[in-house]
Amino acid sequence: MERPQHVPVLLEESLKYLKVRPGGVYVDATLGLGGHSAAIARQLGGAGKLICFDRDPEAMAKAQARLAAVAEELGPEMPQVRYVPRAFSEIDEEVEPNSLDGLLADFGVSSLQLDEAHRGFSFRTDGPLDMRMDSRSELTAQQVVNQADEEDLANLIYEFGEERRSRRIARAIVRARPIETTAELARVISAVTPSMKGDKIHPATRTFQALRIRVNDEIGQIQSLLHSAESLLKPGGRVVLISFHSLEDRPVKDAFREGAKAGRLEILTKKPVVAGEQESLRNPRSRSAKLRAAEKVLGVASGKWKVTSK
């Protein structure tokens, strides 16, 4: 039997809107620790096919072990699973047009990445300023922090962190260089940006978000996925996307609206679906999650969504 493990955000809601068809072909574009994929596999059956993307080698290895346990449990009812160790932005290089019954993506940072100090995603534990989802990529947060000029750093923190005090923070970072660890960076930021009244997050949260987005080109990745998604779905196929802040949610909302306006898809979530009270209490990360879903209109064979950056 599969061991009790991390439960992914909005799992029941994801399955509801994905509406898994036994024997269908589905993509989990953000495999992570395999929670969503394990649940999809149980509904797909032995005739189904599940294609799993993740650019994080550590996450891929752990998810494969988790799904191997599911396969042992399900036996012949386990669908065929294909693992693709690539970013989901490259999905159209791996998946045929008009071939998917459904596509799911959870844009959040995985608990593995947040909890492992050596990955450098969080200031809760001290670690190197890394923040790479794909450890094979070259750019690290330490390079951005120590090499970007002050104006570029301020603009980055403002745009990707939506941090109003970005110039003050950038100035402090430049003066404190070199900065090598997450704890060092958090101290530098906290010293010049004390918590504001009513602010429930750590003063460094938005800056860390901005650096992570820059290192992993997260917004560009989402835009690439949105550009390809519709053409990969079969007519009647569904796409379910989970975002965690406005920079992720906005392009999804705009792409869905553009597709609906053109008559190519039906929006299934008039308002974003959010976590219920019980899930929010059980998993604080879920409080900021927003799920949007759409279905490709029958009779539409192909097409690409118009994707806006703002």
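This is a short walk through the structure, from the whole protein down to single residues.

The model is predicted. Start with the overall layout. The protein has 12 helices and seven strands. Along the principal axes, its C-alpha atoms fill a box of roughly 60 × 45 × 40 Å. The radius of gyration is 20 Å, which agrees with the value near 19 Å that a compact globule of 310 residues would have.

Next, look at how the chain is packed. Buried residues make up 54% of the 310 residues. Among contacts with a separation of 6 or more, 75% join residues 24 or more positions apart. The accessible surface comes to about 14400 Å². Carbon and sulfur atoms account for 49% of that surface. As for charge, there are 46 positive and 44 negative side chains. The centres of these two sets lie 6 Å apart.

Now turn to helix H2, residues 35-44. Why is H2 described as largely enclosed by the rest of the structure? Eight of its 10 residues are buried, so the surrounding structure covers most of the helix. The buried residues are Gly35, His36, Ser37, Ala38, Ala39, Ile40, Ala41 and Leu44. What do they pack against? Two helices are on the list: H1 (11-18) and H3 (57-74). The strands are S1 (25-28), S2 (49-53), S4 (100-106) and S5 (233-243).

Follow the chain out of H2. Gly45 comes after the helix, and its phi is positive, near 80 degrees. Further on, Gly48 lies in the loop between H2 and S2. Is this loop residue buried or exposed? Gly48 has a relative accessibility of 4%, so it counts as buried, the cut-off being under 20%. Leaving out residues up to four places away in sequence, Gly48 touches Gly23, Gly24, Pro79 and Gln80. For a sense of distance across the model, take Gly48 and Glu163. They are 115 residues apart along the chain, and their C-alpha atoms are separated by 45 Å.

Gln221 offers another view. This residue lies in helix H10, residues 218-232. Its relative accessibility is 11%, and therefore Gln221 counts as buried. Which residues does Gln221 contact, leaving aside neighbours within four places in sequence? They are Arg55, Ala87, Phe88, Ser89 and Asn216. Glu90 can be placed relative to Gln221 as well. The two are 131 residues apart in sequence, yet 8.7 Å apart in space, C-alpha to C-alpha.

Finish in strand S5, which holds Ser243. S5 is also one of the elements that the buried residues of H2 pack against. Ser243 has a relative accessible area of 2%, so this residue is buried too. Its side chain joins that of Asp249 in a polar contact of 3.5 Å. Beyond residues up to four places away in sequence, Ser243 touches Phe107, Glu248, Asp249, Ser288, Ala289 and Lys290. Asp249 therefore appears in both descriptions of Ser243: as a polar partner and as a touching residue, since contact means heavy atoms within 4.5 Å.

Key: Residues are numbered from 1 along each chain as its sequence is written. This is a predicted model: local features need pLDDT of at least 70, side-chain atom pairs count only at pLDDT 80 or more; totals for chains, interfaces and linings use all residues. Side-chain values use heavy atoms; hydrogens and water are left out. Helices (H or I, at least four residues) and strands (E, at least two) are DSSP runs, numbered from the N terminus. The radius of gyration is taken over C-alpha atoms; the globule rule is 2.2 Å times the number of residues to the power 0.38. Buried means under 20% relative accessible area, exposed over 50%, partly exposed in between (1.4 Å probe, protein chains only). Accessible areas come from the Shrake-Rupley method with a 1.4 Å probe; for residues, only the protein chains shown count as cover. Lys and Arg count as positive and Asp and Glu as negative; His and the chain ends are not counted. The place of a charge is taken as NZ of Lys, CZ of Arg, CG of Asp or CD of Glu. A polar contact is a pair of N or O atoms within 3.5 Å; within protein, one must be able to donate a hydrogen and the other to accept it, and residues adjacent in sequence count only if both atoms are side-chain atoms.
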